[in-house]
Amino acid sequence: MTSRRTFASTLSTLAAGLALALCAAAPAAAQSYNLRFSTSQVNPNEPVVKVMHSFADRVKERSGGRITLNIFTGDQLGPQKKVNEMIKGGARVLSVTDYGQLSQFVPDVGILAGPYLYGNQDEAKKLFASDVFKELSGRLEQQGLKLIVADGLFGVRHLLGSKPVRTPADMAGMTLRVPPSPIMLETFTALGGRPTALPWGEVYNALQTNVVDAAEANYGSLVGSKLYEVRKVLSTTAHQTMYVAMVTSTDFFKSLPPDLQAVLLDEGKKAGAELTQLTLASDAGYAEEMKKNGVQIVTDVDNKAFAEKARVAYAKVPGLTPGMYDKVRAAMTR
């Protein structure tokens, strides 16, 4: 009798222990994560905003609803600089930014947003697959910023103003808006302009009130923000090929289960390729839309002269490691 009671008691204890273990495991397995997904762009038809939505949808589906991204457009969470600083501090945010902006944390990263750096898309692909880029992204991660999307083409940037700009001499004394990126500030200083760093959300008003004479951006951003309403001459200076960097907190990323880390990184690669494809496919249509809105598109620009004069910017950027330009170019041309 005693043996039977002991056996029954043991079974009861085991069953209770198993039930408690299952109850403890259930919340961990079902844990969900919410991220705010921030961008400066506003127009839902811009490639980057479309990709944000498709990325968010795929991540939610593949994670079984355990990761949800809530999209905030038009700098609702603040300018990129502020949002990136929040992420460095551990905020659960995913930021659509660029390497010029990220250079405030790792100065050498700014070279990826340098003037006339990329000869073509193939060169860019080689760079983003190189050990040089791996080392730079690792340094960003050490600063608290984990790259989820590294190589999505945002577009080639041109100059929108009130007069044609065909040579660097035409830019002398021109006040123009640039993003708060050291390498962009040095680029337009080298070209003879007077660059002013402003958040993207302030550009339309700055042009409308003549705080600045001109602005520079890719076709999608120029059309998305309707800057053609306040300036009517686009000069195809092609001074920068911009790639999107989407970053989140390193600490937050490391806190995720390995399967969810893999989901973010896998879908990040797809998002980069999707953005590049959409950008390349949409630029011609955006150019036509600008023409229909009365914009003169100046194509006889001496890009070689601009590139030669802008090269000095690489030697002027604070904190940029000497020889970094040659190192990056070598990675692209091997």
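Me: What does the secondary structure of the chain come to?
Reply: It comes to 14 helices and 9 strands, each being a DSSP run numbered from the N terminus (helices: H or I, at least four residues; strands: E, at least two). Please keep in mind that this is a predicted model, where local features need pLDDT of at least 70 and side-chain atom pairs count only at pLDDT 80 or more, while totals for chains, interfaces and linings use all residues. Residues are numbered from 1 along each chain as its sequence is written, and side-chain values use heavy atoms, leaving out hydrogens and water.

Me: Why is Thr 97 called buried?
Reply: Buried means under 20% relative accessible area, exposed means over 50%, and partly exposed is in between (1.4 Å probe, protein chains only). Thr 97 has a relative accessible area of 3%, so it counts as buried. This residue lies in strand 3 (residues 93–98).

Me: What is Thr 97 in contact with, leaving aside neighbours within four places in sequence?
Reply: Its contacts (heavy atoms within 4.5 Å) are Gln 80, Asn 84, Leu 102, Tyr 243, Val 244, Ala 245 and Val 247.

Me: And Glu 202: why is it called partly exposed?
Reply: Its relative accessibility is 42%, which lies between the two cut-offs, so partly exposed is the right label. You will find Glu 202 in the loop between strand 6 and helix 8 (203–208). Its C-alpha is 9.5 Å from that of Arg 177, a residue 25 places away in sequence.

Me: Arg 177 belongs to strand 5; how do you know that strand 5 pairs with strand 6?
Reply: Two strands pair if DSSP finds at least two bridges between them. Strand 5 (residues 175–178) has 4 bridges to strand 6 (residues 194–197), and the two run parallel, so the pairing holds. One of the partnerships is that of Leu 176 with Pro 195.

Me: What makes strand 5 and strand 7 a pair?
Reply: Strand 7 (residues 214–218) and strand 5 have 2 bridges in the parallel sense, so the requirement is met. Here the partner of Leu 176 is Ala 214. Leu 176 and Val 178 point one way from strand 5, Thr 175 and Arg 177 the other way, and all are buried.

Me: Which elements make a right-handed β-α-β unit?
Reply: Strand 5, helix 7 (residues 182–190) and strand 6 do. Right-handed means that, with the strands pointing away from the viewer, the path from the first strand over the helix to the second runs clockwise.

Me: How do you know that the buried residues of helix 7 line one face?
Reply: Those residues are Ile 183, Met 184, Thr 187, Phe 188 and Ala 190. Seen down the axis, they fall within an arc of 155°, and therefore they line one face of helix 7; the arc is that of the directions from the helix axis to the C-beta atoms. After helix 7 comes Gly 192, with a positive phi near 95°.

Me: What makes a set of residues a nonpolar core?
Reply: Its members are buried Ala, Val, Leu, Ile, Met, Phe, Trp, Tyr and Cys residues joined through side-chain atoms within 4.5 Å. The largest one here has 53 residues, of which Tyr 99, Leu 102 and Tyr 118 touch the most other members. A second, separate core has 28 residues, including Phe 55, Val 96, Phe 252 and Leu 275.

Me: How many residues does the chain have, and what share is buried?
Reply: Of its 334 residues, 50% are buried.
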